[in-house]
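Reader: I'm new to reading protein structures, and I'd like a close look at just one part. Could you walk me through the nonpolar core and the elements around it?

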Amino acid sequence: MRLVVSLLLGTVLAGCQSIDGGDNLEKGVPYQLNAKEIAAVEKGLREQLPYQGVLIFGPMAASKNSKGYVSVCGTISSIGGYGGIMDKRPYVGMMLDVKPLFGFVPTVIADDSSTGPSAVILTCRRMGITI
């Protein structure tokens, strides 16, 4: 299952370049996530983060590009677990809706560095998402 998701995400992101180079990130139009999609985002993030504590999900927003791909950005914090309190960190990822697969695949969750959060926020803005 993870291999299939990885292959599909690789195909979707094949045209993307780094934040510093290229103009391949397409600015999408605002997209309203439904309850099922929001639950999928939360589940996808829980599966990627190694925290045993409580995850606190901040606001999330999405855009849909001309190819129909839905990108999601938001913030997440953690209380407890291995690292104690994790500051609010931005993330970006994509909804996966290719039958029979449905879910959210986080692409980047910002780290503690001084540039990590701003790089994720910049990527989100380039996709038409403000968090």
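Author: Happy to; here is a walk through the core, then a hairpin and a helix. Please keep in mind that this is a predicted model.

Let's start inside. The largest nonpolar core has 14 residues. Those with the most contacts inside it are Val41, Leu45, Val72, Ile76, Tyr91, Met95 and Phe104. At least two residues of this core come from each of these elements: helix H2 (35-48), strand S2 (54-64), strand S3 (70-79) and strand S4 (86-98). There is also a second, separate core of eight residues, with Val92, Ala110, Cys124 and Met127 among them. As a general point, nonpolar side chains tend to be buried together in soluble globular proteins.

Now pick out S3, which is mostly covered, with nine of its ten residues buried. S3 pairs with S2 in the antiparallel sense, over nine bridges. Across that pairing, Ile76 in S3 has Phe57 opposite; Ile76 is also one of the residues with the most contacts inside the largest core. Together S2 and S3 form a hairpin, with five residues between them. In the turn you will find Gly68, whose phi is positive, about 90 degrees.

Finally, look at helix H3, residues 116-126, where Gly116, Val120, Thr123 and Cys124 are buried. Seen down the axis of H3, the buried residues fall within an arc of 100 degrees, so they line one face of the helix. Cys124 links this helix to the earlier picture, as it is included in the second core. After H3 comes Gly128, with a positive phi near 85 degrees.

Note on methods:
Residues are numbered from 1 along each chain as its sequence is written. This is a predicted model: local features need pLDDT of at least 70, side-chain atom pairs count only at pLDDT 80 or more; totals for chains, interfaces and linings use all residues. Side-chain values use heavy atoms; hydrogens and water are left out. A nonpolar core is a set of buried Ala, Val, Leu, Ile, Met, Phe, Trp, Tyr and Cys residues joined through side-chain atoms within 4.5 Å. Buried means under 20% relative accessible area, exposed over 50%, partly exposed in between (1.4 Å probe, protein chains only). Helices (H or I, at least four residues) and strands (E, at least two) are DSSP runs, numbered from the N terminus. Two strands pair if DSSP finds at least two bridges between them. The arc is that of the directions from the helix axis to the C-beta atoms.
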